[in-house]
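Work through the exercises below with the coordinates open. Try each task before reading its solution.

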Amino acid sequence: MGEFIRLDAATGTSISAWHATPRQPARAGLVVLQEIFGVNAHIRGVADRLALPGYEVVAPALFDRVAPDTELGYGPEDLKRGIELKGQVPDDEALTYVAAAVDRLRARHGAAFPVGVVGFCWGGSLAYLAAAKLAIDAAVSYYGGQVPKYLDEGIKPVRPLLVHLGGRDGHIPAGPTADKLRVTAPGAEIYVHPQAGHGFNCEARPDYRPEEARYAMEVTLRFLDRRLSGPRRPPI
């Protein structure tokens with residue numbers, strides 16, 4: 001089980017973060033990025049599970065500047081509140097918190113410590129941006145709603161990237177998005193899960209698909225094992 005810690009971002013803002021440590025010496029670090037529902041039980045559970053195979057995990061609370069300790073459910077009012085809060089945290093600001101989590105992990109283990117990012121929904125979009133803009137070693141994006149927009153803007157990842165899309169996602173056109181990714185990010189690994197909708201990895205959502213969630217996590221862990229097995233990549 002993890003615990004909450006504090007992170008100091010380059011902007012001077014201090015935020016909370018869920019910190020999960022493995023029982024054995026950490027093989028690499030992971031930054032887990034929340035949906036628009038905060039660092040809730042689902043995100044903390046993902047972080048704790050990723051610590052089991054040996055990753056040290058930090059999940060920054062991206063809403064802390066505007067609404068500390070936000071933890072939402074998945075009902076209509078929660079969705080409305082999450083969208084409102086997301087609108088108050090620009091992407092560039094959110095990335096400073098991602099960078100702070102990366103820095104925290106490397107401060108604990110040394111500059112050569114490999115660190116990856118795994119994000120869901122809003123966090124999936126930020127994971128894509130992190131692969132384009134931050135000195136990380138790999139990124140995994142689950143159903144990032146803004147990825148099509150970033151592709152249209154020509155934002156290209158320069159770090160190894162794995163993207164999970166739901167074939168029945170009503171928010172993200174999986175086929176066209178995958179096609180654009182193959183052009184804009186030809187090195188990316190792309191998995192379209194045909195029967196999955198938006199949020200298929202989250203056990204608290206109506207679109208939860210346990211078989212697809214298990215398979216996607218197996219793919220994710222294999223990807224991370226390959227990409228985070230050596231010293232970190234040089235800065236961008």
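The exercises cover salt bridges, the sheet and aromatic contacts.

This is a predicted model, in which local features need pLDDT of at least 70, side-chain atom pairs count only at pLDDT 80 or more, and totals for chains, interfaces and linings use all residues. Residues are numbered from 1 along each chain as its sequence is written, and side-chain values use heavy atoms, with hydrogens and water left out.

**Exercise 1. Salt bridges**

Task: Find the salt bridge of E56, and say what parts of the chain it ties together.

Solution:
- Step 1. Set the criterion: a side-chain nitrogen of Lys or Arg within 4 Å of a carboxyl oxygen of Asp or Glu. Searching the whole structure gives 15 salt bridges.
- Step 2. Locate the partner. E56 meets R108, with 2.5 Å from N to O.
- Step 3. Place both residues. E56 is in strand 4 (residues 55-60) and R108 in helix 3 (residues 91-109), so the bridge ties together parts 52 residues apart in sequence. Helices (H or I, at least four residues) and strands (E, at least two) are DSSP runs, numbered from the N terminus.
- Step 4. Check accessibility. Buried means under 20% relative accessible area, exposed over 50%, partly exposed in between (1.4 Å probe, protein chains only). E56 is buried at 2%. R108 is partly exposed at 47%.

**Exercise 2. Two lysines**

Task: Which residues form salt bridges with K133 and K180?

Solution:
- Step 1. K133 pairs with D92; their closest N and O atoms are 3.9 Å apart. The pair links helix 4 (residues 122-133), which holds K133, to helix 3, which holds D92, across 41 residues.
- Step 2. K133 is partly exposed at 45%. D92 is exposed at 54%.
- Step 3. K180 pairs with D152, at 2.8 Å between the closest N and O atoms. K180 is in helix 6 (residues 174-184) and D152 in helix 5 (residues 147-152), so parts 28 residues apart in sequence are tied together.
- Step 4. K180 is partly exposed at 33%. D152 is exposed at 56%.
- Step 5. Look for a network. Salt bridges link E189, R226 and R227.

**Exercise 3. The sheet**

Task: What is the strand order of the open sheet, and which strands are at its edges?

Solution:
- Step 1. Pair the strands: DSSP must find at least two bridges between them. Eight strands then run in the order 1-2-4-3-5-6-7-8, with mixed pairing.
- Step 2. Strand 1 (3-8) and strand 8 (189-193) are the edges, each pairing on one side only.
- Step 3. Inspect one pair. Strand 5 (residues 115-120) and strand 6 (residues 138-142) run parallel, joined by five bridges. V117 has A139 of strand 6 as its bridge partner.

**Exercise 4. Aromatic contacts**

Task: How are the rings of F4 and W18 arranged?

Solution:
- Step 1. Apply the rule. Rings of Phe, Tyr and Trp (its six-membered ring) pair if their centres lie within 6.5 Å; planes under 30 degrees apart count as stacked, over 60 as edge-to-face and the rest as tilted. The structure holds ten such pairs.
- Step 2. The centres of F4 and W18 are 5.0 Å apart and the planes at 75°, so this pair is edge-to-face.
- Step 3. F4 is in strand 1 and W18 in strand 2 (residues 14-20), so the pair ties parts 14 residues apart in sequence.
- Step 4. F4 is partly exposed at 43%. W18 is buried at 8%.
- Step 5. Find the ring cluster. Ring pairs link F120, Y142, Y143 and F200. Y143 and F200 are both buried.
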